[in-house]
Amino acid sequence: MSGRLHKSMLNAEVNLIFYFLSLFFAFFSRKIFLDCLGAEFIGLTGTLGNILGYLNLTELGISASIGYFLFKPLQTDNKKEIQEILTLLGYLYNWIGAIIFGGAVLISLFFPLIFAKVELGFGIIYFAFYSFLGSSLIGYFINYRQILLSADQKNYLVAIYYQSANLVKIALQIFLAYHYKNLYVWVAVEFLFGIIGCIILNWKINKEYPWLKINKKEGKLLLKKYPEVLTKTKQVFIHKIKDFILTKSDELFIFLFVSLKMVAYYGNYMIIISKIISLFSAVTGSVGASIGNLVAEGDKKRLLSVFWEFTTIQHTIATILCFALYNFLEPFVAHWLGTEYIMDHQILVLLVIFIYITNSRGSVDAFNYAHGLYADVWSAWAELIINVSITIVCGLKWGIIGILLGKIVSLITIVVLWKPYYLFSSGFKVPVSIYWKGVMRNYAISTLSFFSSTFILYCIPINPYQSIWSWIEYAAIGMVIFLTIDLTLTLLFAKGAKDSLKRIRP
């Protein structure tokens, strides 16, 4: 097993372990915190987190562009260049941290207006906000070096040390909330573990890279040496801000065009969908740095081979997600919340199409990122304009269905059609027809697997709405049928499938 593959699999394994641990703690702690601290306080922490999230928009683009510039020096073991790039990152993050702090102080002046109807008291509001702000700023002023671990395919170290501290923090907060029910203590633990996590992570970074010495004062001079960092950052920023707006706009448009009640209904679906997607992202998200290192080697033939392996994996995962959601989500919602929370079936159909496009695009996105292909800023604006325009027109007429149509049309135009062309023409520098000849196999396999498995499943004499156990039995049989058909077709016809199988064989 190659070192690159070994690191990718190790990252995936560690991410999966912490995914399930975090999932368990999230559901368990949510109940304790709501009962012991109150729904208003939990709502406050979420609102303050969203405020800081908008302030953190200042960062969008820098970490991604810096990660790209680290691939080559890591490949050649150029320690001097690595130090310079991280010094530049530290310098830029100092400025971003200062801007976020200034913005946070300014916003906090308006808290008496923003939280006028909140009964908790402004003491805990300000204490929580500035504690969360302090934890966030640690990442900019001190923890910025962890990007080196990600670029060097050692993100499992971040998970092991940082996530372990986070789980201990949640366990301690559960204990203290249950016994003392003190809001200030809960927030203090949150801030304290931000500092503890920082100390542990930086200790590990120093141990892994004892030669790494950073002098942020040199950052201004290094901006002249690496002017392309700012150029690339501006390009990435446009793409990231577009993704942020489109991701966060769903609930707002549903509220404007439908109702606040439907925001909650839609949110129920998205909670389930996001948890399932996160499970697969814990595996596939670990290969980004590996692709970046492969691009730095410059072996085009091997690069294309890996691209087809990753593309087939992404399309397979996307089809699994879509089959499961289409056939099992509605009866699950019926058992979880009640049949009254099931939305129009057409909404589910459009969600499935949307999820297939967004999850099968992963390979093209990863290779565009690894090549540093962000110059097509026009495509980000085009996707945003197409999405919003169709959403406004169709959303007013058809509600959620119109909103989803806006997302799907913009994705097909830019993600499905343009992004592969950009990668193959500017990255691989080969005709894009090669892409379409290969990917059409994936589309055909996904379509055939989905519809044939769904038809067979409908013939099974089990009613998934009857009880939760009948739903489990129905889902288990359905997944066996689907995986048998889909994996067989994939191994027989998909480009790169057999190479992927060879990699995972011992």
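Me: Is lysine 429 buried or exposed?
Reply: Lysine 429 counts as exposed, at 59% relative accessibility. Keep in mind that this is a predicted model.

Me: Where does lysine 429 lie?
Reply: In the loop between helix H18 (400-428) and helix H19 (433-458).

Me: What about the phi of lysine 429?
Reply: The phi is positive, about 60°, although lysine 429 is not a glycine.

Me: And what phi does lysine 181 have?
Reply: A positive one, about 55°. Lysine 181 is not a glycine either.

Me: Which helices flank the loop with lysine 181?
Reply: Helix H8 (155-180) and helix H9 (183-208).

Me: How accessible is lysine 181?
Reply: Lysine 181 has a relative accessible area of 48%. That makes it partly exposed, because exposed means over 50%.

Me: Back to H19. How many residues does H19 have, and how far does it reach?
Reply: H19 has 26 residues. From its first C-alpha to its last it reaches 38 Å. That is close to the 38 Å expected at 1.5 Å a residue.

Me: Which residues of H19 are buried?
Reply: Among them are Tyr435, Gly438, Val439, Asn442, Ile445 and Ser446. Further along H19, Ser449, Phe450, Ser453, Thr454 and Leu457 are buried too.

Me: Why might buried positions recur along a helix at such steps?
Reply: An α-helix has 3.6 residues a turn, so residues three or four places apart point the same way.

Me: What do the buried residues of H19 pack against?
Reply: They pack against helix H14 (300-336), helix H15 (345-360) and helix H16 (362-370). H18 and helix H20 (468-493) are partners as well.

Me: What span should H20 have, and what does it have?
Reply: The 26 residues of H20 should span 38 Å at 1.5 Å a residue. Its end C-alpha atoms are 37 Å apart, which agrees.

Me: Which residues are buried in H20?
Reply: Including Ser470, Trp471, Tyr474, Ala475 and Gly478. Met479, Ile481, Phe482, Asp486, Leu489 and Thr490 are buried in H20 as well.

Me: New topic. Where is tyrosine 265, and is it buried or exposed?
Reply: Tyrosine 265 lies in helix H12 (residues 260-284). It is buried, with a relative accessible area of 11%.

Me: What does tyrosine 265 touch, beyond residues up to four places away in sequence?
Reply: Glu340, Tyr341 and Met343. Tyrosine 265 and tyrosine 341 are 76 residues apart in sequence, but their C-alpha atoms are 6.1 Å apart in space.

Me: And asparagine 268, where is that?
Reply: Also in helix H12. Asparagine 268 counts as buried, at 14% relative accessibility.

Me: Which residues does asparagine 268 touch, leaving out those up to four places away?
Reply: Trp336, Leu337 and Tyr341. The C-alpha atoms of asparagine 268 and isoleucine 342 are separated by 9.4 Å, with their places 74 residues apart along the chain.

Me: How many disulfides does the structure hold?
Reply: Zero.

Me: What about cysteine 198 and cysteine 322, buried or exposed?
Reply: Cysteine 198 is buried, with a relative accessible area of 7%. Cysteine 322 counts as buried too, at 3%.

Me: Last one. Which residues form the nonpolar patch on the surface?
Reply: Leu106, Leu109, Phe110, Leu113 and Ile114. Together they have about 560 Å² of accessible area. Isoleucine 114 is in helix H5 (residues 111-114), and it is partly exposed, at 46% relative accessible area.

Key. Residues are numbered from 1 along each chain as its sequence is written. This is a predicted model: local features need pLDDT of at least 70, side-chain atom pairs count only at pLDDT 80 or more; totals for chains, interfaces and linings use all residues. Side-chain values use heavy atoms; hydrogens and water are left out. A disulfide is a pair of cysteine sulfur atoms within 2.5 Å. Buried means under 20% relative accessible area, exposed over 50%, partly exposed in between (1.4 Å probe, protein chains only). Helices (H or I, at least four residues) and strands (E, at least two) are DSSP runs, numbered from the N terminus. Contact means heavy atoms within 4.5 Å. Patches are made of residues with over 30% relative accessible area and no salt bridge: like charges are joined within 9 Å, nonpolar side chains (Val, Leu, Ile, Met, Phe, Trp, Tyr) within 5 Å. Accessible areas come from the Shrake-Rupley method with a 1.4 Å probe; for residues, only the protein chains shown count as cover. A salt bridge is a side-chain nitrogen of Lys or Arg within 4 Å of a carboxyl oxygen of Asp or Glu. The expected span of a helix is 1.5 Å times one less than its number of residues.
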